[in-house]
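This report looks at a ligand shell and at a contact between two chains. Please have the sequence and the structure at hand while reading.

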Number of protein chains: 2
Amino acid sequence: MKKRTALPLLLAGLLVAGGSQAADPYAKFKELFKPLPAIAPIPADNPQTEAKVELGKMLYFDARLSGDGTIACATCHNPALGFTDRIPRAIGHGAARGPRNSPTTLNAAFLTSQFWDGRAPTLEAQALGPLQANIEHNITLDKAIAVLKGFPEYQKRFAEVFGGKDPVTPDNLAKAIAAFERTLITPNSPFDRYLAGDESAISTQQKKGMKSFVEKGCVGCHNGPNFTDGNFYAIKVPGSTDEGRYTVTKKESDKHAFRTQTLRNVALTYPYFNNGSVWKLDEAVKIMGKEMLKTDLSKDEVDDLVAFLHGLTGEMPKFTIPALP
Amino acid sequence: MKKRTALPLLLAGLLVAGGSQAADPYAKFKELFKPLPAIAPIPADNPQTEAKVELGKMLYFDARLSGDGTIACATCHNPALGFTDRIPRAIGHGAARGPRNSPTTLNAAFLTSQFWDGRAPTLEAQALGPLQANIEHNITLDKAIAVLKGFPEYQKRFAEVFGGKDPVTPDNLAKAIAAFERTLITPNSPFDRYLAGDESAISTQQKKGMKSFVEKGCVGCHNGPNFTDGNFYAIKVPGSTDEGRYTVTKKESDKHAFRTQTLRNVALTYPYFNNGSVWKLDEAVKIMGKEMLKTDLSKDEVDDLVAFLHGLTGEMPKFTIPALP
Ligand code: HEC
Ligand code: HEC
Ligand code: HEC
Ligand code: HEC
Ligand SMILES: [Ca+2]
Ligand SMILES: [Ca+2]
């Protein structure tokens with residue numbers, strides 16, 4: 001399914017074509033990109049409803065779903081911090097530090113697999129992982145369900161959303177959280193407005209950065225509306241010993257391989273890489289050039305790329321903090 | 001200044017007067033209460049401005065103001081949880097559990113002293129305490145100021161709000177947070193609407209509860225718009241060994257004395273008492289009767305009092321989660 005691939009051929013093809021666009025030197029590069037849809041794909045077995053999203057939002061913020069009552073999804077995927085925690089590696093239950101950086105939940109709804117190593121196929125499958133992880137929420141599913149059942153308001157809301165005789169189940173808990181996460185979409189970034197025809201939405205430096213992003217080969221992996229091809233590539237970021245995708249597949253070729261990260265809102269999701277070892281975006285870009293493309297990017301190229309990446313910060317989802325029972 | 005007092009005389013006086021109100025049996029009790037103002041008192045040396053409140057909100061939510069980058073004011077005074085953490089005793093830096101329950105920051109702007117033992121006179125004086133406490137944020141003020149200075153956006157906002165050559169100071173940090181806290185006011189509770197003339201805003205049971213609240217003597221300590229006289233009273237709540245006010249004054253009469261708690265939003269601020277030892281409001285009320293008034297309240301009296309207290313939940317402050325730099 002997912003595997004280490006050579007740089008896609010689309011790139012080479014497109015750079016050869018499109019020679020006659022003298023009027024706009026950036027048009028042929030622009031064509032390679034897709035705007036972020038305002039709505040995430042919705043699976044058939046978990047349709048969005050307003051009540052389900054509201055319930056999911058409550059669960060996302062509810063710290064009682066943890067061993068000591070202090071850790072919620074929003075602790076590590078904090079709306080104030082770009083839906084991350086902005087520390088190198090997550091700190092969870094008992095102040096234990098985990099091995100990996102907390103990725104943003106923004107636009108996770110567009111990913112074709114979840115976690116740095118892609119071990120969960122969907123948001124629904126993902127959601128129950130952190131609850132049980134002992135360095136994250138550190139609670140058993142039985143305990144989590146018992147906590148929820150202790151609140152008549154949760155009982156009522158699960159019944160309204162899911163119906164059935166015993167609606168407070170792990171499955172429905174995961175569905176509600178996933179439904180909320182599908183609202184965490186950030187459309188209308190300056191770059192999306194540029195793609196939609198507003199030439200002045202990004203600066204000339206940003207357009208140059210877009211050109212470098214294509215010509216240097218970044219777009220070979222960071223492509224599609226969410227700037228990730230969903231594939232896994234071996235990389236040794238500074239300080240990392242993490243075996244990555246290998247821990248899931250046990251294939252030698254997956255050793256130290258990680259899923260291409262989204263670059264949407266990347267200006268907000270520092271520090272960078274699977275172990276959060278790099279604080280500055282320019283440094284992360286330089287490392288990408290070196291590690292993934294065997295290129296030493298010049299200072300100007302890095303600056304242009306960073307400017308371009310800043311144009312990928314979209315409109316944050318707007319919601320009020322839920323009042324929990 | 002603050003001291004252990006006998007039950008105020010106002011109570012006895014008022015119950016004797018007002019005998020001719022046959023039309024409304026609750027009128028004379030109602031007269032004893034004051035609605036919560038929609039605006040908190042503002043000190044002359046820290047005027048409210050929109051930009052200051054916005055800056056204070058950012059600081060309130062900013063977990064980088066802590067030793068390991070995970071603990072903000074909003075962690076323990078969490079807007080989703082009635083601006084508390086809803087655990088018995090606060091858990092802070094390094095997952096250490098402190099000795100006391102986190103009180104709500106809602107309406108703290110109306111208090112005449114801060115902390116269970118009243119050791120801080122104002123919100124400004126209070127704010128720097130938790131930052132430095134090693135079981136809370138666990139950061140030095142020097143470090144906190146250095147963190148803030150690391151963000152050009154904070155530099156800019158402090159300069160805009162406070163002016164001067166070096167505006168990022170502990171003093172201004174405290175002022176901004178206090179200004180934000182002064183917006184955490186919850187007016188228009190059902191009981192306030194009743195006081196304003198809407199007879200149907202609370203039920204007959206709640207009116208009976210109000211009557212008991214006066215007749216039994218609760219109002220002797222829980223009075224004024226914020227339902228606290230600001231005085232300190234010795235009490236041994238279950239499991240407590242805390243010496244309370246004594247740790248501040250070293251007066252024998254202040255041993256185990258705590259400031260009368262606000263009862264505004266008390267339905268949201270469980271668990272109760274200085275050590276969070278009691279989860280249920282009916283139990284807390286029963287204990288109050290026994291400990292403070294040497295009375296065994298009947299089941300009906302307790303139920304009415306609890307119904308009354310539920311009427312003190314006001315409108316929550318509305319704000320969007322800040323986007324931190
Ligand atoms: C203690 C910190 C912490 C908590 C609490 C936490 N997460 Fe995470 N989250 C992480 C880390 C770290 C990863 C990456 C783990 C990995 O790749 O092995 C992650 C990965 C994810 C991903 C995958 C995103 C991607 O880009 O692959 C999603 C979605 C997610 N979390 C949602 C949630 C939800 C929903 C909850 C609550 C039920 C939650 N998280 C609780 C730290 C946390
Ligand atoms: C061969 C695939 C590939 C190419 C080419 C590539 N990347 Fe990446 N990129 C990845 C993978 C995989 C990661 C995740 C690495 C990790 O954290 O372990 C990543 C991570 C990043 C990050 C960090 C994101 C974060 O949130 O941590 C940035 C920034 C980035 N890439 C930018 C670029 C730029 C700019 C280029 C071109 C100069 C580029 N990438 C080329 C695959 C690629
Ligand atoms: C780790 C948990 C924790 C953190 C973080 C925390 N607090 Fe508190 N807060 C408490 C506890 C516990 C008390 C009561 C302490 C006492 O009485 O000795 C308290 C007391 C207060 C009070 C007094 C309220 C009253 O009723 O007397 C205010 C106001 C307050 N905190 C605001 C803040 C602000 C502002 C911040 C951030 C700068 C903050 N707190 C950070 C737990 C916390
Ligand atoms: C002599 C003063 C006094 C009287 C009378 C009194 N209280 Fe209290 N009340 C206090 C003090 C002091 C506290 C804080 C105790 C602690 O936590 O250590 C408190 C706490 C409470 C709490 C818990 C609040 C919280 O958030 O933890 C409730 C509920 C309460 N009182 C209700 C009542 C009711 C109802 C009555 C009458 C039946 C009453 N009180 C009578 C002084 C008094
Ligand atoms: Ca990151
Ligand atoms: Ca409490």
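Which residue of chain B has a polar backbone atom 2.6 Å from an oxygen atom of ligand 3? In this predicted model, the residue in question is Phe115(B), whose backbone supplies that polar atom.

## Polar partners of ligand 3

Side chains also take part: an N or O atom in the side chain of Arg119(B) is 2.9 Å from an oxygen atom of ligand 3, and a polar side-chain atom of Arg259(B) lies 3.1 Å from an oxygen atom of the ligand. Among the elements of chain B, helix 4 (73-76), helix 5 (123-132) and helix 8 (170-181) are those that give two or more residues to the shell around ligand 3, and the largest share, 4 residues, comes from helix 5.

## The shell as a whole

Ligand 3 is surrounded by 27 residues, of which Cys73(B), Cys76(B), His77(B), Arg100(B) and Phe115(B) are the closest. Sorted by class, this shell consists of 14 nonpolar, 8 polar and 5 charged residues.

## The contact between chains B and A

Chain B and chain A each bring 22 residues to their contact. The area buried between the two chains is about 1,900 Å², and carbon and sulfur atoms give 65% of this area. On the side of chain B that touches chain A, 15 residues are nonpolar, 3 are polar and 4 are charged.

As for specific pairs across this contact, the count of salt bridges between chain B and chain A is 0, whereas 10 residue pairs are in polar contact, with both residues at pLDDT 80 or more.

Terms used:
Residues numbered from 1 in each chain as written. Chains lettered and ligands numbered in written order. Predicted model: local features only at pLDDT ≥ 70, side-chain atom pairs only at ≥ 80, totals over all residues. Heavy atoms only, no water. Near = heavy atom within 4 Å. Polar contact = N/O pair within 3.5 Å; in protein donor to acceptor, adjacent residues only side chain to side chain. Nonpolar A, V, L, I, M, F, W, Y, C, P; charged D, E, K, R; others polar. Contact = heavy atoms within 4.5 Å. Buried area = accessible area lost by both parts, 1.4 Å probe. Salt bridge = Lys/Arg side-chain N within 4 Å of Asp/Glu carboxyl O.
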